[in-house]
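Colleague: I should like to go through this complex before our meeting. Could you put it up on the screen?

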Amino acid sequence: MLEVESLTTCYGAVRALDGVSLTVPDHSVTAVLGANGAGKTTLLRTITGLVRPVSGAVRYDGKELTGLPVEDIVRHGVAHVPEGRGVIQELTVEENLRLGALWRSDKRDRARALEEVYGLFPALGERRRRSAFTLSGGERQMLAIGRALMARPRMLLLDEPSLGLAPLVTAQILSLLAGLVRRQRLTVLIVEQNAASALSIAERAVILSLGRVAVADAAARVAADPNLHHHYLGF
Amino acid sequence: MGRFTDLTLNGITYGMIYAAVALGLVLIWRATRIINFAQGGMAMLTTYVAVTLIGNHIGYWIAFVIALVAGLVFGAAVERVIIRPVEGKPPVNAVIVTLGLLILVEAVAGAIWGGGDRSFPAYFSETGLRAGGRQIAFSPFDIFVLSAVVLMLLALAVLFQHTHTGLRMRAAAFAPEVARLLGVRVGRILTLGWALAALAGSLAGLLVAPKVLLYPNNMDTVLVFAFTAAIIGGLDSPLGALVGGLVTGLALSYVGGYLGSSLETVGALVILLVVLMARPEGLFTRSRPRRV
């Protein structure tokens with residue numbers, strides 16, 4: 001379980017996160033929603049240490065993550081697919097994927113993980129030797145997710161996976177994630193501006209507004225409340 | 001015709017040496033976005049280590065290898081202790097630090113070994129070979145220079161393209177933040193990058209010392225030429241370092257041969273100026289914008 005306790009992160013004088021507290025229950029999908037600038041990306045970046053909080057703490061399965069070097073986060077079972085996907089386009093598809101598991105010492109399991117990812121994303125398998133630069137947006141998202149899965153994480157953090165993707169592709173990827181949560185007992189924290197799609201696969205929803213938690217409730221209730229949509233989610 | 005051949009061969013040999021130093025500059029630039037102004041000075045220091053060992057009756061090849069290893073260690077130490085604090089800070093900090101390191105290194109060398117010229121032995125004959133009935137400006141030692149640099153380039157290419165460490169290094173160079181999220185210990189990778197760059201520099205220092213003699217400032221002009229080579233090739237490209245080195249070596253050889261050796265440095269600066277005006281990103285830099 002991920003616990004975020006009174007997290008405050010500042011960029012200079014701007015409080016991007018202002019005392020944010022939330023919990024992400026295991027083996028489920030939690031959606032973090034909110035308008036542009038609400039602090040969603042900052043939340044993920046603070047959890048994984050790319051940005052240091054001014055105060056507050058992040059704990060995963062009881063282990064304190066705040067203050068750890070970024071490269072240790074994945075070793076604690078937390079994989080972050082950053083905003084913009086972070087596909088390294090100078091490398092090939094397979095090199096990107098292999099990179100995701102390099103920190104693990106079990107060579108045979110690394111090879112197994114690679115075959116599992118190709119099984120999950122056949123399109124990547126077909127393009128394994130191609131430069132990642134040549135992939136379409138949807139394929140890059142698959143590559144970024146596949147690469148994160150190579151680490152055999154227990155929790156996956158996704159920052160706006162639907163960005164720049166066609167609705168059909170978004171739906172495919174999200175349903176794939178929902179399937180992974182069920183089959184592999186994965187925990188997913190998904191940040192989205194596209195609230196409707198994220199809510200369709202989430203159990204819990206947290207809405208951030210101006211760096212604070214405005215709503216934390218079951219996703220179904222959030223999806224059904226038109227007032228919330230209007231005030232926080234822009235539809 | 002004979003003169004042209006001689007100048008060309010001369011240019012290729014020196015060009016390979018510039019390529020080796022330029023490769024070090026490229027490795028460091030790719031890893032830490034810093035221009036290492038002390039690259040030549042560090043190489044000079046390890047060459048002095050070699051000459052001291054040889055003077056104490058250590059065999060040439062053992063001294064050669066020890067100097068290369070000293071380069072590796074020195075490069076790693078410099079990154080860890082001196083450069084780490086200025087990584088990610090404004091670029092001028094790194095400029096000041098590496099220039100300061102260059103001054104320090106030259107002063108230390110002068111203090112320990114004195115400022116006078118020393119000769120450095122070349123294991124192979126430096127007498128030009130005979131070809132087509134005349135002696136050409138290409139000696140067994142020059143063959144060694146070419147072979148050594150090519151061997152090093154091939155070894156690095158294999159390291160980068162076919163090993164886990166190489167994959168980590170490329171990832172850390174192209175996308176350090178993403179690499180960290182994937183568990184790559186980017187800090188250690190940077191140290192390794194500096195170590196390998198210093199190794200390339202040390203090799204160049206050992207190869208050029210027989211030609212230009214050994215004294216604390218002997219790598220200064222080599223650095224200027226290597227920097228030119230790196231800019232021509234594109235600071236992000238190891239292949240560019242090789243091509244840039246050869247282009248620079250040849251161009252300066254022709255300038256020195258046909259216009260006078262005193263114009264060589266001027267020639268290099270003119271080339272630098274032209275490249276920076278016409279194609280500042282160099283020959284091999286991908287000019288396409290980065291999408292993710």
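**Strands, helices and the contact**

Modeller: Let us begin with a pair of strands in chain A. S1(A) and S4(A) are antiparallel and are joined by five bridges. Please bear in mind that this is a predicted model.

Colleague: Which residue stands opposite A:Glu3 in S4(A)?

Modeller: That residue is A:Arg59. On the side of S5(A), A:Arg59 has A:Glu64 as its bridge partner.

Colleague: How many bridges join S4(A) to S5(A)?

Modeller: Two bridges join them, and the strands run antiparallel; S4(A) covers residues 55-60. The hairpin they form has two residues between the strands, and A:Asp61 there takes a positive phi near 50°.

Colleague: What is the order of the strands in that open sheet?

Modeller: The order is S2-S1-S4-S5 in chain A, four strands with antiparallel pairing. S2(A), residues 14-24, and S5(A), residues 63-64, are the edge strands, and each of them pairs on one side only.

Colleague: Which strands does helix H1 of chain A lie across?

Modeller: Helix H1, residues 40-47, lies across S1, S2 and S4 of chain A. Its direction makes an angle of about 70° with S2(A).

Colleague: Let us step back to chain A as a whole. How many helices and strands does chain A have?

Modeller: There are ten helices and ten strands in chain A. The C-alpha trace spans about 45 × 40 × 30 Å along its principal axes.

Colleague: Why does the radius of gyration of chain A agree with a compact globule?

Modeller: Because a compact globule with 235 residues would have a radius of gyration near 18 Å, the 17 Å of chain A agrees with that. Of those 235 residues, 47% count as buried. As for contacts in chain A between residues at least 6 apart in sequence, 67% join residues at least 24 apart.

Colleague: Now the contact between the chains. How many residues does each chain give to it?

Modeller: Chain A gives 23 residues and chain B gives 19 residues. Helix H2 (70-73) and helix H3 (93-101) of chain A each supply at least two residues of the side of chain A that touches chain B. H3(A) provides the largest share of that side, four residues.

Colleague: And how do the residues on that side of chain A divide by character?

Modeller: They divide into eleven nonpolar, six polar and six charged residues.

Colleague: Back to H3(A), then. Is this helix mostly covered or mostly open?

Modeller: H3(A) is mostly covered, with seven of its nine residues buried. Among them are A:Val93, A:Leu97 and A:Leu99. The cover over the buried residues includes helices H4 (107-120), H5 (122-126) and H6 (137-149) of chain A, together with helix H6 (164-174) of chain B.

Colleague: Last topic, confidence. What ipTM and pTM does the predictor give the complex?

Modeller: The complex receives an ipTM of 0.93 and a pTM of 0.88. Chain B has a mean pLDDT of 90, and 98% of its residues reach 70 or more.

Colleague: Where in chain B does pLDDT stay under 50?

Modeller: That stretch is residues 288-292 of chain B, for which the model has seven contacts beyond four places in sequence. Where pLDDT is low, predicted coordinates should not be read in detail.

Methods
Residues numbered from 1 in each chain as written. Chains lettered and ligands numbered in written order. Predicted model: local features only at pLDDT ≥ 70, side-chain atom pairs only at ≥ 80, totals over all residues. Contact = placed C-beta atoms within 7 Å. Nonpolar A, V, L, I, M, F, W, Y, C, P; charged D, E, K, R; others polar. Pairing = 2+ DSSP bridges. Axes fitted to C-alpha atoms, helices over the stretch in contact; angles between N-to-C directions. Rg over C-alpha atoms; globule rule 2.2 N^0.38 Å. Buried ≥ 20, exposed ≤ 12 C-beta atoms within 10 Å, placed from the backbone. pLDDT = per-residue confidence, 0-100.
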